[in-house]
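Trainee: I have a structure open and no idea where to begin. Can we go through it together?

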Amino acid sequence: LHILSLNKHREMPQRIFCVGDVLIDEKTIPHLAFLSCHAEANFTEAKSYVITLFREIDTDFSLDEGTDSAFIEGRQAVVIVDGKEVGRFGEIHPEVLSNFSLDHPALGFEMELMI
């Protein structure tokens, strides 16, 4: 979100992604993340990216209701593979967007890479 705030003077839409290590409970775990920011960004767009990603990597998954306060309630989900939560996505909460001085809706997704 910080990158989007630095580039908010640029043309929309803006879409960024990152692959990198995340430290969780003293373990380094590779993660994939993406953000999309534009006037029409919504949960359906985020869900379509997730479905496409898992279809391309030929991995069965399910979705469940999410409860992350960074996302709008009812417009978020968690991704489950083999009974384990591996990621989450949704529409970024307006308060979070305001904290980064972002004027357009945004969606985000982050997941553990199952290497």
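Mentor: We will start with the whole chain, then turn to one helix and a few residues. Keep in mind that this is a predicted model.

Trainee: How many helices and strands are there in the protein chain?

Mentor: The protein chain has 3 helices and 6 strands. Along the sequence they come in the pattern α-β-β-α-β-β-β-α-β.

Trainee: How does the radius of gyration of the protein chain compare with the globule rule?

Mentor: The radius of gyration is 14 Å, close to the 13 Å that the rule gives for 115 residues, so the chain is as compact as a globular protein of that length. Its C-alpha atoms fill a box of roughly 40 × 30 × 25 Å along the principal axes.

Trainee: And what share of the residues is buried?

Mentor: Buried residues are 35% of the 115. As for contacts between residues at least 6 apart in sequence, 47% of them join residues at least 24 apart.

Trainee: Now helix H2. What span should H2 have, going by its residues?

Mentor: H2 has 14 residues, and at 1.5 Å a residue they should span 20 Å; the end C-alpha atoms are 20 Å apart, which agrees.

Trainee: Which residues of H2 are buried?

Mentor: They are Glu45, Ala46, Val50 and Phe54. Seen down the axis of H2, these buried residues fall within an arc of 165°, so they line one face of the helix.

Trainee: Why can residues that are not adjacent point the same way in an α-helix?

Mentor: An α-helix has 3.6 residues a turn, so residues three or four places apart point the same way.

Trainee: What is on the face turned away from the buried side of H2?

Mentor: That face carries the exposed residues Thr44, Arg55 and Glu56. The buried residues of H2 are covered by parts that include strands S1, S2, S4, S5 and S6.

Trainee: What happens at the start of H2?

Mentor: A side-chain oxygen of Asn42 comes to within 3.0 Å of the backbone nitrogen of Thr44 there. After H2 comes Asp58, with a positive phi near 50°.

Trainee: Glu45 was on your buried list. Which side chain joins that of Glu45 in a polar contact of 2.7 Å?

Mentor: That is His38, which sits in the loop between S2 and H2. His38 counts as buried, at 11% relative accessibility. A second polar contact, of 3.0 Å, joins the side chains of Glu45 and Ser36.

Trainee: Where is Ser36 found?

Mentor: Ser36 is in strand S2, and at 1% relative accessibility it counts as buried. The side chain of Ser36 also makes a polar contact of 3.3 Å with the side chain of Arg15. Arg15 is among the residues in contact with His38 too, leaving aside the neighbours of His38 within four places in sequence.

Trainee: Changing topic: how many aromatic pairs does the structure hold?

Mentor: It holds 5. In one of them, Phe43 and Phe89 are stacked, with 5.4 Å from centre to centre and 20° between the planes. Phe43 lies in H2 and Phe89 in strand S5, so the pair ties together parts that are 46 residues apart in sequence.

Trainee: Is Phe89 buried or exposed?

Mentor: Phe89 is buried, with a relative accessible area of 0%. Phe89 also belongs to one aromatic cluster with Phe34, Phe43, Tyr49 and Phe109.

Trainee: What about Met111, is it buried or exposed?

Mentor: Met111 counts as buried, at 1% relative accessibility, and is found in strand S6. Apart from neighbours within four places in sequence, its contacts include Leu53 and Phe54.

Trainee: Last topic, the backbone. Which peptide bond is cis?

Mentor: The bond from Met12 to Pro13 is cis, with omega near 0°. Pro13 lies in the loop between helix H1 and S1. Most peptide bonds are trans, and most residues other than glycine have a negative phi.

Trainee: Where does a residue that is not a glycine have a positive phi of about 55°?

Mentor: At Ser101, in the loop between helix H3 and S6. Ser101 counts as partly exposed, at 40% relative accessibility. Asp25 is not a glycine either and has a positive phi of about 50°. Asp25 is in the loop between S1 and S2, and is exposed with a relative accessible area of 70%.

Definitions and conventions. Residues are numbered from 1 along each chain as its sequence is written. This is a predicted model: local features need pLDDT of at least 70, side-chain atom pairs count only at pLDDT 80 or more; totals for chains, interfaces and linings use all residues. Side-chain values use heavy atoms; hydrogens and water are left out. Helices (H or I, at least four residues) and strands (E, at least two) are DSSP runs, numbered from the N terminus. Buried means under 20% relative accessible area, exposed over 50%, partly exposed in between (1.4 Å probe, protein chains only). Contact means heavy atoms within 4.5 Å. Rings of Phe, Tyr and Trp (its six-membered ring) pair if their centres lie within 6.5 Å; planes under 30 degrees apart count as stacked, over 60 as edge-to-face and the rest as tilted. The expected span of a helix is 1.5 Å times one less than its number of residues. The arc is that of the directions from the helix axis to the C-beta atoms. A polar contact is a pair of N or O atoms within 3.5 Å; within protein, one must be able to donate a hydrogen and the other to accept it, and residues adjacent in sequence count only if both atoms are side-chain atoms. The radius of gyration is taken over C-alpha atoms; the globule rule is 2.2 Å times the number of residues to the power 0.38.
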